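Here is a short report for a reader new to this structure. Please look through the sequence and the model first, then read on.

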Amino acid sequence: MGIWKKVAVTSLGVMLFLGGYIFIQMHKLTVEKVTDDLHVLYGLGGNVGVLGTSKGTVIIDSMTLHYQGERIKQVAEKLTGTPVIMIINTHYHLDHTHGNPAFDVGTRVVATNRTRNHLEQTDMAYFAGAEALMPNETFDDVMDFNLGNKTLRLMHPGRGHTDGDLVVLMVEDKTIHTGDLYFYHHYPNIDLEAGGSVQAWSSSIDQIMQLDFDHVIPGHGPVTGRQGLKQFQAFMVQLAAIGKWALKEGISLEDTLASDRLTEDKGYMPLKLIVPIGLNREFVLKRAWQETHGQFELRH
Ligand SMILES: [Zn+2]
């Protein structure tokens with residue numbers, strides 16, 4: 001076999017392998033029980049919370065693909081024995097919202113007004129024909145829901161990952177779902193263009209810490225206690241300080257990336273998503289630098 005033929009056969013093999021890998025990841029949903037009425041589904045995309053209430057099932061986020069939305073619906077309804085009546089979207093990113101169209105028209109879809117605006121600005125093509133499954137109950141700061149035996153408190157604690165993220169407190173289950181305001185041991189995305197902020201992130205976590213909870217479902221990574229969120233806050237505090245230091249001392253982006261000031265990221269891993277956008281150490285340092293230097297364009 002000629003060398004080019006060999007290369008072609010090898011790349012075809014690699015492509016089939018990668019295709020197969022993505023196909024398997026798409027289909028894989030791992031279920032973990034948090035309390036009797038609350039489960040987490042892990043898969044390719046943001047973590048999904050599934051809460052059974054006496055009024056029906058609530059899911060928090062819907063992953064990346066229509067097909068995943070169908071699977072989430074099936075698995076959630078099997079776990080709780082009741083139909084999904086409400087989807088909560090923690091923020092607008094596609095790995096948390098693109099499963100929405102797989103749910104029944106008439107499902108309540110709750111998010112902040114800013115999340116709805118971001119979807120309208122960036123994602124109308126995807127939701128064409130499924131506008132009913134975009135957020136249809138929205139709020140700015142706090143919203144409470146009483147669903148029979150369960151109480152939910154939804155709160156926008158401030159800017160961080162975007163300017164519209166919400167956190168869900170499941171009162172009786174003493175658990176919060178933070179969306180992407182908390183990544184456990186993964187480098188987070190910081191969406192400056194959507195009003196995200198390294199500088200503001202820590203005070204948003206202070207707001208979250210005031211809630212009464214024992215378990216935390218992060219946007220990505222396994223369920224933790226309060227301590228995991230505290231550690232992530234320390235990482236954010238350090239990252240914000242690096243951004244300010246670089247501005248004050250006139251440190252170039254290149255030298256900021258080369259500095260060893262970020263130490264709170266021990267054990268952090270780059271995040272695996274369908275589209276590799278490189279959520280790694282370099283990315284978070286770059287975003288911290290860009291924010292303090294005004295080197296980004298806010299989308300209005
Ligand atoms: Zn996100």
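Begin with the contacts of the predicted model. Among contacts in the protein chain with a separation of 6 or more, 67% are between residues 24 or more positions apart. The chain has eight helices and 12 strands. Of its 300 residues, 43% are buried.

**A residue in a loop**

Asp37 sits in the loop between strand 1 (30-35) and strand 2. Is Asp37 buried or exposed? Asp37 has 20 other C-beta atoms within 10 Å, and 20 or more count as buried, so Asp37 is buried. Which residues does Asp37 touch, leaving aside its neighbours within four places in sequence? They are Leu51, Gly52 and Asp173. Glu172 is 135 residues from Asp37 along the chain, yet their C-alpha atoms are separated by 9.7 Å.

**Strand 3 and its partners**

Strand 3 covers residues 48-53. Six of its six residues are buried, so strand 3 is largely enclosed by the rest of the structure. Val48, Val50 and Gly52 point one way from the strand. Gly49, Leu51 and Thr53 point the other way. Both sets are buried. Two residues named here return from the loop above: Leu51 and Gly52 are in contact with Asp37.

Strand 3 pairs with strand 2 (residues 38-42) and runs antiparallel to it. Strand 3 also pairs with strand 4 (residues 56-60), again antiparallel. Each of these pairs forms a hairpin. In the hairpin of strand 2 and strand 3, Gly45 takes a positive phi near 135°.

The table sets out three pairs of strands, including one from the sheet described next.

| Strands | Sense | Bridges | One bridge pair |
|---|---|---|---|
| Strand 2 and strand 3 | antiparallel | four | Val40 with Gly49 |
| Strand 3 and strand 4 | antiparallel | five | Val50 with Ile59 |
| Strand 9 and strand 10 | antiparallel | four | Leu152 with Met170 |

The hairpins have their own linkers. Five residues lie between strand 2 and strand 3. Two residues lie between strand 3 and strand 4.

**An open sheet**

In what order do the five strands of the open sheet lie? The order is 8-9-10-11-12, and the pairing is mixed. Strand 8 (142-147) and strand 12 (215-217) stand at the edges. Each has a single partner strand, so one side of each is left without a neighbour in the sheet. From one strand to the next, the twist averages 20°. Within this order, strand 9 (residues 150-155) and strand 10 (residues 167-170) pair in the antiparallel sense.

**Two helices that cross**

Two packed helices are described by the angle between their axes and the distance between the axes. Helix 6 spans residues 226-249 and helix 8 spans residues 281-292. Their axes come within 8 Å and cross at roughly 50°. The two helices are therefore oblique to each other. The crossing is right-handed.

Which residues meet there? Helix 6 supplies Leu239, Ala240, Ile242, Gly243, Lys244, Ala246 and Leu247. Helix 8 supplies Val284, Leu285, Ala288, Trp289, Glu291 and Thr292. The residues of this contact divide into nine nonpolar, two polar and two charged.

Terms used. Residues are numbered from 1 along each chain as its sequence is written. This is a predicted model: local features need pLDDT of at least 70, side-chain atom pairs count only at pLDDT 80 or more; totals for chains, interfaces and linings use all residues. Axes are lines fitted to C-alpha atoms, for helices over the stretch in contact, and angles run from 0 to 180 degrees between N-to-C directions. Angles under 35 degrees count as roughly parallel, over 145 as roughly antiparallel, 65 to 115 as roughly perpendicular and the rest as oblique. A crossing is left-handed if the near helix is turned anticlockwise from the far one by less than a right angle, and right-handed if clockwise. Two residues are in contact if their C-beta atoms, placed from the backbone, lie within 7 Å. Ala, Val, Leu, Ile, Met, Phe, Trp, Tyr, Cys and Pro count as nonpolar, Asp, Glu, Lys and Arg as charged, and the others, Gly among them, as polar. A residue is buried if 20 or more other C-beta atoms lie within 10 Å of its own, exposed if 12 or fewer, and partly exposed in between; C-beta atoms are placed from the backbone. Two strands pair if DSSP finds at least two bridges between them.
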